[in-house]
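The following note sets out numbered points on the model shown below. Each point is confined to what the coordinates support.

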Amino acid sequence: MDQTSGKNVMTAKHNLILEGRRTLNVSGVKDVTEFDEGKVMLLTEAGELYVEGEKLHINNFSQQTGELDLDGRINSLIYNEHQEKEGGFFSRLFR
């Protein structure tokens, strides 16, 4: 719990490993809400994560483990507080 705001900031494990701005490994991913070659939007344990770049490609994503691997030219990583949506891209795809 964040002592200054009284909000729960993060309840589960969430990590990012960025290697040379070419490879990104993310844990604590709940869902992929949108993606194309220029951006990937993830719902994580720490909120929404926007990955912006060029030629982005998701190599692996497991909802069971919460692990996601992507590569391409990564220009920015931006967090927003998440707002629960009715499923992301993969949850709609695999219904």
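How many bridges join β1 to β2, and do these strands run parallel or antiparallel?

1. Pairing of β1 and β2. The model under review is predicted. In it, β1 and β2 run antiparallel and are joined by five bridges. The two strands make a hairpin, with three residues between them. Within the turn, Gly20 has a positive phi of about 60°. Glu19 has Thr23 in β2 as its bridge partner.

2. Overall architecture. The protein chain contains six strands and one helix. Read from the N terminus, the order of elements is β-β-β-β-β-β-α. Of the contacts between residues at least 6 apart in sequence, 50% join residues at least 24 apart. The chain has 95 residues, and 34% of them count as buried. Its accessible surface comes to about 6200 Å², with 47% belonging to carbon and sulfur atoms.

3. Pairing of β2 and β6. Strand β2 is also joined to β6, by four bridges, and the two run antiparallel. Here Val26 stands opposite Leu68 in β6.

4. The largest nonpolar core. This core has 14 residues. Those that touch the most other members are Val40, Leu42, Val51, Ile58, Leu68 and Leu70. Two or more residues come from each of β2 (23-27), β3 (29-35), β4 (39-44), β5 (47-62) and β6. The most is given by β5, with five residues. As general background, nonpolar side chains in soluble globular proteins tend to be buried together.

5. Leu42 and its surroundings. Leaving aside residues up to four places away in sequence, Leu42 touches Val26, Val29, Asp31, Val32, Thr33, Gly47, Glu48, Leu49 and Leu68. Val26 and Leu68, the residues that stand opposite each other in the β2 and β6 pairing, are thus both among the contacts of Leu42.

6. Leu70. Is Leu70 buried or exposed? Leu70, found in strand β6, counts as buried because its relative accessibility is 0%, and the cut-off for buried is under 20%. With residues up to four places away in sequence not counted, Leu70 touches Arg22, Thr23, Leu24, Val40, Leu56, His57, Ile58 and Asn59. Thr23, the bridge partner of Glu19, is one of these contacts. The C-alpha atoms of Leu70 and Asn60 are separated by 7.1 Å, the two residues being ten apart along the chain.

7. Nonpolar patch on the surface. Which residues form the nonpolar patch on the surface? They are Leu16, Leu18, Leu77 and Tyr79, which together have about 300 Å² of accessible area. The elements giving two or more residues to the patch are β1 (15-19) and β6 (67-80). Leu16 lies in strand β1 and counts as partly exposed, because its relative accessibility of 32% falls between the 20% and 50% cut-offs. Strand β6 thus gives two or more residues to the patch and also two or more to the largest nonpolar core.

8. Salt bridge. The count of salt bridges comes to one. The side chains of Lys39 and Glu34 meet in it, at 3.3 Å from N to O. Both partners are partly exposed: Lys39 has a relative accessibility of 30%, and Glu34 has a relative accessible area of 32%. In general, side chains of opposite charge can pair when their charged atoms come close.

Definitions and conventions: Residues numbered from 1 in each chain as written. Predicted model: local features only at pLDDT ≥ 70, side-chain atom pairs only at ≥ 80, totals over all residues. Heavy atoms only, no water. Patch = residues over 30% accessible without salt bridge, like charges linked within 9 Å, V, L, I, M, F, W, Y side chains within 5 Å. Areas by Shrake-Rupley, 256 points an atom, 1.4 Å probe, with all protein chains shown as cover. Salt bridge = Lys/Arg side-chain N within 4 Å of Asp/Glu carboxyl O. Buried < 20%, exposed > 50% of the residue type's maximum accessible area, 1.4 Å probe, protein only. Core = buried A, V, L, I, M, F, W, Y, C linked by side-chain atoms within 4.5 Å. Contact = heavy atoms within 4.5 Å. Pairing = 2+ DSSP bridges.
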